[in-house]
Every structure is written in C-alpha cells, then in structure tokens.
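Here are some exercises to work through with the model open in your viewer. Try each task before you read its solution.

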Amino acid sequence: VLRLPPLALYVHLPWCERKCPYCDFNSYQSTGAPPFEGYVTRLLQDLEGESVHSAGRDIQSVFIGGGTPSLFPQDSLARLLGGIGDHVMLADDAEITLEANPGSAEAAKFSALRAAGVNRLSIGIQSFNDASLRALGRVHDSRQALAAVDAARSAGFERFNIDLMHGLPGQTVAMALEDLEQALALQPPHLSWYQLTLEPNTAFHRSPPTLPVEDLLAEIQDRGEELLLAHGYEQYEVSAWARPGHACRHNLNYWQFGDYIGIGAGAHGKLTLAPGRAIMRTRKTRAPQDYLDGGGAPVCHREAVAEDELVLEFLMNALRLREGVPIALFEQRTGLSRDRLEPMLHSLREEGLMQAQEDRLGTTAQGFRFLNLVLQRF
Ligand SMILES: C[S@@+](CC[C@H](N)C(=O)[O-])C[C@H]1O[C@@H](n2cnc3c(N)ncnc32)[C@H](O)[C@@H]1O
Ligand code: SF4
C-alpha cells in the first residue's frame, strides 16, 4: 500500500545583523529594524494557505532557519510557534529546531524559546578562532560562541547543533583541527562540518580570499573525520555528524525525499499530491519586501516535477546519506519503478561505487568520496 511520505515544515526568516561575505542564503542585512511582527503575521497567512496540504497529516519536524531567526524578538517567535500549533497538527514528539547566531542578545532569548516549544537549537559558530571569524566577517567572537553553547545548555536544550566550517581563508591543518577539538570539547549532540565554498553572488566570489590548497583541504578532511570518529560521532551525511540517536530528523526527511511545506521569503516546499503520484514543488517570493506586500496569501510558484527530474532529485538527496536508503524507498517516494535505475546502478555496483546488496541504494566508501562523479553518471 502506498502512503504519503512524512511531512515537515520549513520556516524562513530572512534577516541578519550583517551579511557574511561567503553566504548565498536568502538573507539580508536590514537597514533599521526589520518588520518582525508584520512578517510573523504574513508567515501565518502563508501557512494557512498551505494548510490543505497538512490536512490529516502530522508535522514531524519544524525548522526555523534563515537568515538569523534568533534576531527576532522572543515574543514574535513565541507568537510564530503558537500560530504554527494552531494551524497544523504537530506530532507529539515533533523536532522543532531554530537557528541561532552567537551573541549575547540572542543567547538571552534561549530560555524563552525553550518555553515556547523549540526543542533543538542550531548554533552558527563557524570557527573558534578569532582571526578566522574576522576573516569570515562574523559579528561574534569565540568567547560569545562559547557563551552561546553555555546558554543553550542552561536553557535546557539537550539537543543542539554546532555549525562549523573548514577550509577557511589562511587556515592551516592545525587550525582546522583545533577548531574541531574546541567544538568536541563542548560535546554537542550534533555537529555540521562544512567545507567553505565560494558561491556565485557573494562578496567572496567577487574578490576571493586565499583559501587552503587542494592537498591541505584533503588533509583537513581526512584528519578531521578521524578525529570525529574517535570521539564517537557518526557521519550520517556528507557534512552532518551526530552522536548515536541525534541525527537531525528534519534534514533526514529532506534526504529521504519526504514532504515539506515551506513558508517565508524564498522558501521551497515539496509535496506529494497523492500516494505514489504527482509531486509538486513550491517556491515563495524571494525578496522579503515583495513577500510582505500585497493582500491574500503570499505569491507562490508551483510546478510539477517531471519523472526524469524526480529520479535525479531523489538520488541527489538519498546518496548524500552515508548508508543510503532501502531501494524500496525510491519506489514509495517517487512512484517510479526501480527498473529506472538500471543499467546505471548495475555498472556502478560492478565498479565498486555503489553497495552491492540488491535491496539497497547507497554508495560504498569509495563512491561516497566521489559522490559528484557517481551522481553525474545518473
Ligand atoms: C543558513 S546558514 C545559517 C546559520 C546562521 N545564520 C549563522 O550564520 O550562524 C547555515 C550554515 O551554512 C553554512 N554555510 C553558509 N555559507 C556557506 C558556504 N559558502 N560554504 C560552506 N558553508 C556555508 C554555515 O555553517 C551556516 O552556519
Ligand atoms: S551565514 Fe548566517 S549570519 Fe551570515 S549572512 Fe548567511 S544566514 Fe546570515
């Protein structure tokens, strides 16, 4: 029997204290105070417009991302969380994550957020090295980063994530490992460890800083992985590490090709219209002011996903998972036959890039290392 996939909710809050030079997220440095209250009102209208998609379905996880959600006043965030609870049915054990930047003003809100129902924080630390933080144009220093983790613990957050980046301007292998060691000393249940990339339309792309050369990047990657493994962390996705049982359910749902409603400026959604049938992508107006303007529900672009795209989209998500997925999930989530994956799957198995078990769809260690090449073959 075909069933609809699990459903999640993504909420985008687009403002930051300052735009970081490497960041291509839909985030904006605001001149003057952003219209926090008006934006929350709009988000809830947006959610109401989407409620047809959540009818009869529990929301398994909520992710409030940005931007810098912790920039919003705690009362606005509490109103947002309350409104979400009014409009959709949250699962009893729903994971509710909010992204926060270190900084005393934010940290002081953590207790109120916990009380308002947030049960997981994702703290964007990036580095514990003050020179690196300056090179990244971050508004906080390492002392504030440590204080934010402290504040998260004191506020009762048992589940939290630290975002770290590596391959930073002027970074040596020793500096990168030192960053990881500092993070590990805080024993975060979850750690996202991203290699810095130069994205189009960012200040770093226009005037690139000097980044570590390929050999160094590879050494940082290898030695960092060893360190994380030695501390009991499991790599369950390309950049995601967690202590056993602490994988991020919201992100797992993306990678397992689950459904999600996206509300907020530029937010994307993916919805299965009937079990094993047409899949629709949604995309909200990107510029915050356009999103705020106008009456009725915010402008939403909707399009059906073609079958060929569906295959590739599924693989681009599922193969990011270290273990991959059962091949049956491909059929459940796309409504397509596994025959679609042959003969490519067959030859990649022969080459030792994909796991040999008939019922699995996942890379081998070698395939994981060269994931882009594997994906290109499909
Ligand atoms: C949406 S950002 C938001 C988090 C929060 N606003 C912050 O910056 O602390 C999520 C994470 O993506 C990572 N990230 C952003 N731009 C990146 C880039 N160009 N390369 C690698 N990682 C990046 C950072 O670690 C960041 O914390
Ligand atoms: S990295 Fe985070 S704080 Fe910096 S501009 Fe992007 S979303 Fe904002």
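A quick word before starting: this is a predicted model.

**Exercise 1. An odd bond in a loop**

Task: Find the loop that holds Gly-67, and work out whether the peptide bond from Gly-66 to Gly-67 is cis or trans.

Solution:
- Step 1: Look between β4 (58-66) and α2 (74-87), since Gly-67 sits in the loop that links them.
- Step 2: Check omega for the step from Gly-66 to Gly-67; it comes out near 20°, and the bond is cis.
- Step 3: Put that in context: most peptide bonds are trans.
- Step 4: Now try Glu-342 to Pro-343, where omega is near 0° and the bond is again cis. Pro-343 is in the loop between α13 (327-334) and α14 (344-350).

**Exercise 2. The surroundings of ligand 1**

Task: Work out how many residues surround ligand 1 and which are the closest.

Solution:
- Step 1: Collect the shell, and you get 17 residues, with Gly-67, Asn-101, Gln-126, Arg-138 and Asp-163 as the closest.
- Step 2: Go through the polar atoms. An oxygen of ligand 1 is 2.6 Å from a side-chain N or O atom of Asp-163. Another distance to pick up is 2.9 Å, from an oxygen of ligand 1 to a side-chain N or O atom of Asn-101. Gly-67 takes part through its backbone: one of its polar backbone atoms is 2.8 Å from a nitrogen of ligand 1.
- Step 3: Ask how much of the ligand is covered. On its own, ligand 1 exposes 560 Å², and the protein buries 92% of that.
- Step 4: Trace the shell back to secondary structure. β6 (120-126), β7 (159-166) and β8 (190-195) are the elements that each contribute two or more residues.
- Step 5: Sort the shell by class: 5 nonpolar, 8 polar and 4 charged.

**Exercise 3. Ligand 2 next**

Task: List the residues that surround ligand 2, then sort them by class.

Solution:
- Step 1: Start with Cys-16, Arg-18, Lys-19, Cys-20, Tyr-22, Cys-23 and Ser-27, which are among the residues around ligand 2.
- Step 2: Add Gly-67, Thr-68, Asn-101 and Arg-138, which also belong to the surroundings of ligand 2.
- Step 3: Sort them, and the shell has 4 nonpolar, 4 polar and 3 charged residues.
- Step 4: Compare with the previous exercise. Gly-67, Asn-101 and Arg-138 turn up in both lists.

**Exercise 4. The two sides of α7**

Task: Decide which residues of α7 are buried and where they sit around the helix axis.

Solution:
- Step 1: Get the geometry. α7 spans residues 173-185, and its 13 residues reach 18 Å from first to last C-alpha, close to the 18 Å expected.
- Step 2: Pick out the buried residues of α7: Val-173, Ala-176, Leu-177, Asp-179, Leu-180, Ala-183 and Leu-184.
- Step 3: Look down the axis. These buried residues cover an arc of only 150°, so they lie on the same side of α7.
- Step 4: Recall the general rule: an α-helix has 3.6 residues a turn, so residues three or four places apart point the same way.
- Step 5: Turn to the other side of α7, where Ala-174 and Ala-185 are exposed.
- Step 6: Check one buried case. Ala-183 has 0% relative accessibility, and because buried means under 20%, Ala-183 counts as buried.

**Exercise 5. Polar side chains under cover**

Task: Which side chains do Thr-97 and Ser-122 pair with in polar contacts?

Solution:
- Step 1: Place Thr-97 in strand β5 (residues 89-100). Thr-97 is buried, at 0% relative accessibility.
- Step 2: Find its partner: the side chains of Thr-97 and Arg-120 form a polar contact of 3.4 Å.
- Step 3: Place Ser-122 in strand β6. With a relative accessible area of 4%, Ser-122 is buried.
- Step 4: Its side chain makes a polar contact of 2.9 Å with that of Asn-161.

**Exercise 6. Signs of phi**

Task: Where are Gln-187 and Phe-257 found, and what is phi for each?

Solution:
- Step 1: Remember the background: most residues other than glycine have a negative phi.
- Step 2: Go to the loop between α7 and β8 for Gln-187. Its phi is positive, at about 50°.
- Step 3: Phe-257 lies in the loop between α10 (249-255) and β11 (259-263). Here phi is also positive, at about 60°.
- Step 4: Finish with burial: Phe-257 has 2% relative accessibility and counts as buried.

Definitions and conventions
Residues are numbered from 1 along each chain as its sequence is written. Chains are lettered from A and ligands numbered from 1 in the order in which they are written. This is a predicted model: local features need pLDDT of at least 70, side-chain atom pairs count only at pLDDT 80 or more; totals for chains, interfaces and linings use all residues. Side-chain values use heavy atoms; hydrogens and water are left out. A residue is near a molecule or strand if one of its heavy atoms lies within 4 Å of it. A polar contact is a pair of N or O atoms within 3.5 Å; within protein, one must be able to donate a hydrogen and the other to accept it, and residues adjacent in sequence count only if both atoms are side-chain atoms. Accessible areas come from the Shrake-Rupley method with a 1.4 Å probe; for residues, only the protein chains shown count as cover. Helices (H or I, at least four residues) and strands (E, at least two) are DSSP runs, numbered from the N terminus. Ala, Val, Leu, Ile, Met, Phe, Trp, Tyr, Cys and Pro count as nonpolar, Asp, Glu, Lys and Arg as charged, and the others, Gly among them, as polar. The expected span of a helix is 1.5 Å times one less than its number of residues. Buried means under 20% relative accessible area, exposed over 50%, partly exposed in between (1.4 Å probe, protein chains only). The arc is that of the directions from the helix axis to the C-beta atoms.
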